[in-house]
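Hi everyone, thanks for making time this morning. I'd like to walk you through one structure, so please pull it up and follow along.

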Amino acid sequence: MRGAKSAKWVAIAAVVALGATACGGGSGDSGSGDKSAAIDPNGKFSIEVGEPQNPLQPANTMESNGSIVTRALFSTLVDYDKSGKIVMVNADSVDTTDNKTFTVKLKKGWKFHDGTPVTAESYVKAWNWAATPANKQTNSFWFADIKGYSDVAPESGKPKATEMSGLKVVDDSTFTIELTTAIPYFVYKLGYEVFSPLPESFYKDPAAAGKKPIGNGPYKFVSWDNKKQIEVARYDDYQGPNKAKNGGVIFKNYTNLETAYEDLKSGNVDVLRQIAPKDLPVYKTDLGDRGVDMAYSAVQTIAPAFYTKQWKDIDPKVLQGLSMAIDRQTITKTVLQGTREPATGWVAKGVLGYQDSLGSDIFTYNPTKAKQLIKEGGGVPKNAISIQYNADGGHKEWVAAVCNSITKATGVKCTGDSKADFQADLNARDAQEVKSMYRSGWVLDYPFNANFLRDLFGTKSSGNQSGFSNKEVDNLIAQADAAKSQDESMKLYQDLEKKLPNYMPSIPLWYYKVNAGYSENVTGVAYAQDGDPVLTGVQVKKK
Amino acid sequence: MGRYVARRLLQMIPVFFGTTLLIFLMVYALPGDPVRGLFGDKAGSPQVIASLRREYGLDQPILVQYYEYMKGMLLHADFGTQIASGRPVTDVLGDAFPVTLRLASLAFAIEVVLGISLGIVAGMRAGRLTDNVILVVALLFISVPVFVLGYILKVVFAFQLNWLPPNVNDPSNINELLMPALVLAAASLAYVTRLTRTSIAENLRADYIRTAIAKGLPRRRVVGVHLMRNSLIPVVTYLGIDIGALMGGAVVTEGLFNIKGVGGTIYESIVRREGTTVVGLVTILVIVYLLASLLVDLLYAVLDPRIRYA
């Protein structure tokens with residue numbers, strides 16, 4: 001099942017794009033001809049989710065079940081389109097001259113669902129509140145880029161301040177953000193739901209607000225029946241570009257995907273986010289063109305634990321060889337039933353700066369060259385590797401297949417190292433107890449290639465669990481971060497990605513695909529980069 | 001009798017502390033940390049992790065944690081707070097138990113009514129065709145795994161005949177609970193049938209039955225009172241233990257039919273290392289087990305006048 005995935009994002013312009021095609025007829029979209037064409041603009045539809053783990057506070061939602069609801073209720077300053085370009089939502093403009101100080105101007109006339117206006121103060125106060133460790137928001141480290149964060153949340157000792165000095169309210173609709181160092185692509189981070197505004201009423205009782213959230217998003221909260229369903233309704237005064245095309249959403253709680261699929265077939269739920277492995281071979285015949293099969297921005301890799309004796313001073317050629325010993329084409333087609341696409345780099349599809357070729361052949365299956373490279377690099381120490389994975393995530397089959405492929409091609413002994421569940425797996429990774437290699441998945445936080453490079457392979461990056469550390473890579477990251485514009489920064493990161501085969505911080509295996517489906521009651525269902533359906537774009541048919 | 005009950009109730013106290021402590025220690029011994037688990041692949045901010053750990057007392061030694069938890073539970077009926085959602089565990093229990101109770105009682109009713117009547121029929125006709133047919137059916141129920149039975153029922157009754165909904169969307173709807181209850185009851189039902197049958201067949205040859213027939217009692221009274229009362233003792237013992245199993249052990253059935261009951265909640269809490277939720281749920285199950293076995297022991301005296309409790 002779905003574990004705690006890393007943070008997820010939504011792409012509004014998928015809706016915009018949909019809107020463009022449906023532009024002619026909000027009232028009568030009669031092109032398709034048959035009786036199914038009539039749309040009920042106030043119709044509600046249901047979607048399969050699990051019970052959110054956390055209260056619905058925007059900076060406290062890390063797993064996918066909570067974040068899909070939070071994103072429906074809150075709008076942020078900006079968002080992205082399908083290609084990863086920025087779209088303004090609540091912000092009128094976000095300007096900077098030096099990539100260090102950003103001036104945010106808000107659109108006028110926005111209101112929270114309780115009728116109070118959305119002001120610069122709503123943002124600044126919310127961020128300061130979320131950054132304060134005493135408020136225990138799981139995503140608070142996202143504010144670490146802002147100047148003064150270390151005073152509010154020092155690594156040790158008591159906080160010296162309650163407000164980050166980098167945030168300044170200029171007037172009701174303007175505020176400035178000052179960062180500790182320049183980040184050319186900081187605007188991308190602002191699209192994450194952590195950076196949502198909060199209404200004044202929130203602070204009176206944050207716990208209660210987490211059960212009955214008041215936001216500024218396209219939907220307003222109606223009810224949350226624990227472990228059963230969450231209901232939201234369209235917010236009619238919504239000013240953003242992604243106004244809902246349906247009357248509301250019912251998030252229905254399912255404990256597993258098999259039952260959700262059965263309910264989809266019997267018409268009890270309208271939209272699924274995922275299809276269970278059991279139903280993958282049949283879902284396309286069952287659902288016809290309502291079955292969805294599309295790439296999203298996540299990548300599966302196996303990473304060597306560089307702190308172990310085995311990989312400490314390894315010649316990257318050995319890892320290149322191992323990479324070439326994996327028959328990605330066959331494994332994705334057979335074992336994974338076409339639910340993944342062979343990787344061609346470290347950055348996943350749908351992200352700004354994605355490159356479909358790095359000009360290197362390390363991703364192609366070539367047993368002869370693999371053997372030769374491993375030999376040149378001095379061989380795999382002990383001539384045996386193991387891949388650590390969590391047994392509760394459905395990884396067992398492909399780990400076995402990858403191992404098989406490596407052993408067959410190179411003669412290196414390879415075994416799966418199974419941990420009972422994701423918790424135990426994480427524990428071993430955190431404690432640096434991985435014996436040889438481990439599997440690691442990464443879902444985008446924001447669609448900019450730095451997210452897949454800087455946040456994973458920088459020596460001090462938060463996502464770097466393998467102990468990979470390379471001065472040249474750190475230098476290149478620093479250079480890319482110091483770039484004058486987003487564009488330039490993206491290009492520098494692309495160059496960095498092209499050089500990664502020489503360092504091999506990990507072995508990318510494949511990109512994820514959304515395998516999902518929807519019922520006959522709805523139309524216009526599209527899926528964003530993070531693999532979640534775009535709720536606002538869904539249209540409900542008249543019954 | 002009264003003194004016996006009092007003694008049994010007092011015996012529950014050490015059992016209660018023993019089981020809760022054991023479970024507390026077991027969850028604690030599992031690798032993984034509930035607070036760290038909230039962050040997944042990301043590292044999270046150390047300050048927030050530290051303050052969350054402090055709030056839930058996870059930075060204390062295990063025995064102190066256990067003491068604090070027990071204090072809260074006994075003095076304030078406070079079962080602690082779920083770490084991820086921040087919901088009080090009593091709320092979580094309040095969601096899961098009614099659902100499970102409904103499912104378990106339905107399954108229990110099916111099991112008792114069907115199991116005992118099939119057992120009596122088979123026992124009365126021991127060795128004949130009816131007996132053999134019931135034997136085969138019972139063996140089938142025991143040997144087919146729960147999930148296979150679940151899928152078969154779903155395919156037949158939900159997808160082909162369209163009589164019942166495949167999954168539970170509203171746990172207060174008896175129609176939707178019928179299929180899961182049947183699946184849940186199936187294996188126990190077979191045991192109850194076999195137990196009743198053996199017991200009935202054996203007692204049928206007992207002296208007191210011959211006497212009862214000889215003194216000219218109507219057949220209904222011979223079977224209904226003399227035979228049944230004595231034959232039900234092993235069955236009642238089994239049923240008593242089975243109540244607990246039906247409530248806590250329905251993980252597979254619950255998952256199969258999308259029921260948010262106790263079994264699934266325990267499973268989920270173990271995966272997330274939410275010690276407090278697990279202990280809270282199990283505590284209640286332990287109490288259910290203890291009360292059920294007390295009840296069974298008292299029922300013995302009702303069923304068999306020879307058994308007395310001083």
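I'll start with chain B, then go to its contacts with chain A, and finish with the nonpolar cores.

A word of caution before we begin: this is a predicted model.

So, chain B. We have 13 helices here and 0 strands, and from the N terminus on the order of elements reads α-α-α-α-α-α-α-α-α-α-α-α-α. If you fit principal axes to the C-alpha trace of chain B, you get about 85 × 60 × 30 Å. Chain B has 310 residues, and 36% of them count as buried. For those of you who like contact maps: take the contacts in chain B between residues at least 6 apart in sequence, and 72% of them join residues at least 24 apart.

Next, the annotation. An unreviewed UniProt entry places "transmembrane region" features at residues 12-30, 103-121, 133-157, 177-195, 235-257 and 277-303 of chain B. How do two of these spans look in the model? Residues 12-30 of chain B are 95% helix and 0% strand, with the end C-alpha atoms 27 Å apart. For residues 133-157 of chain B, the figures are 92% helix and 0% strand, and the end C-alpha atoms lie 23 Å apart.

Let me zoom in on one residue, Glu202(B), which sits in helix α8, residues 174-203 of chain B. Is Glu202(B) buried or exposed? It falls in between: Glu202(B) counts as partly exposed because 13 other C-beta atoms lie within 10 Å, and the exposed class stops at 12 or fewer. Leu227(B) is 25 residues away along the chain, and its C-alpha atom is 9.9 Å from that of Glu202(B).

Now the interface. Here 34 residues of chain B are in contact with 39 residues of chain A. On the chain B side, the elements giving two or more residues are α2 (34-37), α3 (46-55) and α12 (262-271). Of these, α3(B) gives the most, with 6 residues. By class, that side of chain B has 12 nonpolar, 14 polar and 8 charged residues.

Finally, the cores. The largest nonpolar core has 156 residues, and those touching the most other members are Trp127(A), Ala298(A), Ala348(A), Phe452(A) and Leu453(A). Helix α3 of chain A, residues 120-131, provides the largest share of this core, 8 residues. A second, separate core of 53 residues includes Leu177(B), Ile243(B), Ile259(B) and Leu281(B).

That's my tour; happy to take questions!

Technical notes
Residues are numbered from 1 along each chain as its sequence is written. Chains are lettered from A and ligands numbered from 1 in the order in which they are written. This is a predicted model: local features need pLDDT of at least 70, side-chain atom pairs count only at pLDDT 80 or more; totals for chains, interfaces and linings use all residues. Two residues are in contact if their C-beta atoms, placed from the backbone, lie within 7 Å. Helices (H or I, at least four residues) and strands (E, at least two) are DSSP runs, numbered from the N terminus. Ala, Val, Leu, Ile, Met, Phe, Trp, Tyr, Cys and Pro count as nonpolar, Asp, Glu, Lys and Arg as charged, and the others, Gly among them, as polar. A residue is buried if 20 or more other C-beta atoms lie within 10 Å of its own, exposed if 12 or fewer, and partly exposed in between; C-beta atoms are placed from the backbone. A nonpolar core is a set of buried Ala, Val, Leu, Ile, Met, Phe, Trp, Tyr and Cys residues joined through C-beta atoms within 7 Å. UniProt positions are given in the numbering used here, feature names are shortened, and annotations may be inferred rather than shown by experiment.
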